[in-house]
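I opened this model to go through one helix, the enclosed space, a distant contact and the odd backbone angles. My entries follow in that order.

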Amino acid sequence: MKAVILLSGGLDSSTILYQAKADGCECYSIAFDYQQRHRRELHSAFLVAQKVGVAQHRVVNFDLRQWGGSALTDDKIDLPQERSLDEMSQNIPITYVPARNTIFLSFALAYAEAIAAQRVYIGVNALDYSGYPDCRPDYIQAMQEVFRLGTKQGREGQPIQIVAPLIELKKTEIIQLGNQLGVPWELTWSCYAGGDAACGVCDSCRLRLAAFAELGLQDPVSYEC
């Protein structure tokens, strides 16, 4: 079975790549250079893809800085820093990139149909504190219908399946799953800041560090603070 895996190089996407491999899939990973602040993640995506031995790793290039609308695509918008987990859960944060997962899934769908893949894996997580609207079960269900209606495979009764194995897992549970699967955490990258070392204070770093700490584990990634 062929599967396309959306791979950012982060904790969640690296786990689903290893899950797809464990599921017996021939894996085709796809990463996105959309001129994000944290383009450092693309290097991690390449390293993780290489480590697991994907059949093919592709990087799609486009520029979401043209209109911004997010702290990840507009340098004039400050990244949230040193927020508590409670603060993160209050509202959809400014790190939300408008329609990002819809864009990503559209590219993944085109890639999947072109290579006659049966699955697309995405590492969305509804229980994460970010609360992004495009990481929730109802969104994935709606996109599954798009996959069915908007493709030749779908109309012929063989729709490409969206697989979101992490959608109802806590961050600690994702790390535990990744440990079982052998995910090389030292190769992954979660920081939004875009430096040579992870900042340790952005929302993504704090969520990651809190989860490792809750499990009594040491995150092998280097942090500035």
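**Helix H5**

I began with H5, residues 137–149. Helices here are DSSP runs of H or I, at least four residues, and strands are runs of E, at least two, both numbered from the N terminus. The expected span is 1.5 Å times one less than the number of residues. For the 13 residues of H5 that gives 18 Å, and the end C-alpha atoms are 19 Å apart, which agrees.

This is a predicted model: local features need pLDDT of at least 70, side-chain atom pairs count only at pLDDT 80 or more, and totals for chains, interfaces and linings use all residues. Numbering runs from 1 along each chain as its sequence is written, and side-chain values use heavy atoms, with hydrogens and water left out.

Which residues of H5 are buried? I list Tyr 139, Ile 140, Met 143, Gln 144 and Phe 147. Buried means under 20% relative accessible area, exposed over 50%, and partly exposed in between (1.4 Å probe, protein chains only). Seen down the axis of H5, the buried residues fall within an arc of 140°, so they line one face. I took the arc from the directions from the helix axis to the C-beta atoms. An α-helix has 3.6 residues a turn, so residues three or four places apart point the same way. Asp 138 and Gln 141 are exposed, on the face of H5 turned away from its buried side.

I then looked up what covers the buried residues of H5. The cover includes helices H4 (100–114) and H6 (152–155), and strands S4 (119–121) and S5 (161–163).

**The cavity**

How many cavities of 30 Å³ or more does the whole structure hold? The search finds 1. A cavity is a set of points on a 1 Å grid over the protein atoms alone where a 1.4 Å probe fits but cannot get out; lining residues have an atom within 4 Å of a point. Its volume is about 750 Å³, taken as the space filled by probe spheres set on the points, with points joined across faces, edges and corners.

I find 36 lining residues, and Ser 8, Asp 12, Arg 100, Gly 123 and Tyr 192 lie nearest the centre. Helix H1 (11–22), strand S2 (26–33), helix H2 (41–52), H4 and helix H8 (203–214) each give two or more residues to the lining. H8 gives the most, with 4 residues.

**Thr 15 and Leu 177**

Thr 15 sits in helix H1. Thr 15 is buried, at a relative accessible area of 0%. Contact means heavy atoms within 4.5 Å. Not counting residues up to four places away in sequence, Thr 15 touches Leu 166, Ile 174, Leu 177, Gly 178, Leu 181, Val 183 and Trp 185.

I followed Leu 177, in helix H7 (residues 171–181). Leu 177 is buried too, at 17%. Leu 177 and Thr 15 are 162 residues apart in sequence, yet 7.5 Å apart in space, C-alpha to C-alpha. With the same sequence exclusion, Leu 177 also touches Gln 19, Leu 166 and Leu 169.

**Positive phi**

Most residues other than glycine have a negative phi. Glu 82 has a positive phi of about 55°. Glu 82 is in the loop between strand S3 (56–61) and helix H3 (85–88), and is exposed at 58% relative accessibility.

Ala 99 has a positive phi of about 60°. Ala 99 lies in the loop between H3 and H4 and is partly exposed, at 35% relative accessibility.

Technical notes: 1 Å grid on protein atoms, 1.4 Å probe; cavity = no way out; pocket = protein on both sides within 12 Å on 5 of 7 lines; lining within 4 Å.
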